[in-house]
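Please look over the model shown here before reading on. The report takes up a few of its features in turn.

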Amino acid sequence: MSLLRNVGTIGGLTMVSRLFGFVRDMLLARVLGAGGVGDAWQLAFQLPNIFRRLFAEGAFASAFVPLFNRRMAGRDDLSEARRFAEEVLAFLIPVLIVFGALALIAMPWIAGLFANEGIESDPELFDLAVLMARIAFPYLAFMSLATLFAAVLNSLSRFAAAAAAPILLNICLIAALVVGMTLGDGVAARRATGELLAIAVTVSGLLQLLWLWVWAHRSGFRMRLRRPRLTGGVKELGVLILPAVFGAGVYQISRFIDLFFLATLPDGAYTFLAMGDRLNQLPLGIIGIALGTAVLPALSRHIASEDHDAARRLQSNAIELAMLLTVPAAVALFVTGSAFTRAFYTGGAFTLSDAMATGAVTSALVVGLPAYVLIKVLVPNYFARKDTRTPVYTALAALVLNVALNFLLVPRLGVVGLALAGSIGAWTNVALLYLLLARGDRFRLTLRVVGRIARIALAAALMGAALWYLMPYGAPYYAGSVLERVAAIAALVATGAAIYFALAAVLGVLDRATVTRLMRREG
């Protein structure tokens, strides 16, 4: 399939998941609010989720896919690739059991590291956060195993099943919130809802694992359980995973650092950052994760067969497509972030001032949105070559700058400074990743692509100016009735999209030749 079709498949299903996620967060805002049980839930949910993104989706997938594809390259028989996957599965299960058991025992200490003053000062609230984190933590083990099956399916160019799996998480959480809404409005009802949410997280992990196992089985890739052994393939994977934790997981490591700084901020900061990141994650998931997922298997195959021209062409197309879609999304959210947060979140326990604070955080987060997407597009070039060391160095450099900026900006700007520091760190990582690729003659942007990116930025800037002018006209409707909110946001989105794509066509960024090139089949 072509890059554009693969990204469309993954991105479309991711968009469905993200829309369910919006429904989930709107219910969360109304049922739990900001601060108190709301912050305790965000803390409990982030602990297994950050580990999942860092180790399962980040390091594991980035290391496993190139090794798996190398065993598939040029072969009609998948027996070698299947044996490698079975060896990894056999070793992964006991590791996850031991790690999960240790984490459950140490959970009060882990939660204490990241709890803010509002949670720590209330023993009952802290105990609730620990309980919810313990109930939800098995989600990590289920999702780590699910990631193995997802990586296999993606390598077989079966992208839809893995892209659809996260929908199950949001469905389970929405179901828990709907049940929680029937319990009443008191503190006891909120605490019970939090426990239901934690149970729903673990159940969703099991469902996602079963879903992906069934699809792998239906695709003809039937794995059997082996006795755990430290084989050559498992050792090679382990060597790649350790540095990949830093190289592919810089965003998640920065989230750990964010939790330390969040602990110094007033009540509500956890929720403002989580709700703002939900808006940021919509284009990041639809575009960035989709591109990274689609690029890595094809890039690995091109490099394994030493077709370097095809690899460069694929990398160039991925960057251009990323900028074509991400830059306007970032500009639009930067300008209209407060409109979205008012429309989506205001109501129930979530006040208008909470929504405005979340809007400011959103604007700071999306400054780095194109950078986060480019990281997901550039890092596969290293992992496809089994180079996991270089992304470690770039990630560490970005992290050092991120921490330094946190000390500088958080005391002055609060949670907005935290978001802005992360965005600047992400751009630093992108610059280093690209410069080192260019220096090693692995990839360079052509003048044609640079010119197209400049025109994309111009079209997005003009669209942003138009939205900045038009946004006040919808202000009375952003916190109105449901119909008024939907109409106001739909008008903003439609107007912004129409202006941007019209300008892109006029400036020659989006034409038939571009679409044809992006639709070209990749190996």
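The sections below describe the nonpolar cores, one helix, the largest pocket and two individual residues of this predicted model.

## Nonpolar cores

The largest nonpolar core holds 150 residues, and those touching the most other members are Trp41, Phe64, Phe68, Ile119, Leu212 and Leu262. Helix α2, which runs over residues 37-72, provides the largest share of this core, with 17 residues. A second core, separate from the largest one, has six residues, among them Ala298, Leu299, Ile303 and Ala311.

Phe64 shows what such a position looks like in detail: when residues up to four places away in sequence are left out, Phe64 touches Phe84, Ala85, Val88, Leu148, Ala151, Val152 and Leu237.

## Helix α17

Helix α17 covers residues 390-413, and its 24 residues, at 1.5 Å a residue, should span 34 Å; the C-alpha atoms at its ends lie 33 Å apart, which agrees with that expectation. The helix nevertheless bends by about 35° at Asn406, and just after α17 comes Gly414, with a positive phi of about 70°.

The buried residues of α17 are Thr390, Pro391, Val392, Thr394, Ala395, Ala398, Leu399, Asn402, Leu405, Asn406, Leu409 and Val410, so Asn406 is both a buried residue and the place of the bend. In general, an α-helix has 3.6 residues a turn, so residues three or four places apart point the same way.

## The largest pocket

The largest pocket contains about 890 Å³ of space. Its lining is made up of 30 residues, and Leu282, Pro283, Leu325, Ala329 and Val493 are the ones that lie nearest its centre.

Several helices take part in this lining, with at least two residues each from α1 (3-31), α13 (269-304), α14, α19 (447-470) and α20 (482-506). Helix α14 gives the most, contributing nine residues to the lining of the largest pocket.

## Two individual residues

Ser316 belongs to helix α14, which spans residues 308-345. Because its relative accessibility is 10%, and buried means under 20%, Ser316 counts as buried. Apart from its neighbours within four places in sequence, Ser316 is in contact with Phe443, Arg448 and Val449.

Lys235 lies in helix α11, residues 232-247, and, with a relative accessible area of 47%, Lys235 is partly exposed. Although Lys235 and Val88 are 147 residues apart along the chain, their C-alpha atoms are separated by 9.6 Å; Val88 also appears among the residues touched by Phe64.

How values were computed
Residues are numbered from 1 along each chain as its sequence is written. This is a predicted model: local features need pLDDT of at least 70, side-chain atom pairs count only at pLDDT 80 or more; totals for chains, interfaces and linings use all residues. Side-chain values use heavy atoms; hydrogens and water are left out. A nonpolar core is a set of buried Ala, Val, Leu, Ile, Met, Phe, Trp, Tyr and Cys residues joined through side-chain atoms within 4.5 Å. Buried means under 20% relative accessible area, exposed over 50%, partly exposed in between (1.4 Å probe, protein chains only). Helices (H or I, at least four residues) and strands (E, at least two) are DSSP runs, numbered from the N terminus. Contact means heavy atoms within 4.5 Å. The expected span of a helix is 1.5 Å times one less than its number of residues. The bend at a residue is the angle between axes fitted to the seven residues ending there and the seven starting there. On a 1 Å grid over the protein atoms alone, a cavity is a set of points where a 1.4 Å probe fits but cannot get out, and a pocket is an open set with protein on both sides within 12 Å along at least five of seven lines; lining residues have an atom within 4 Å of a point. Grid points are joined across faces, edges and corners, and a volume is the space filled by probe spheres set on the points.
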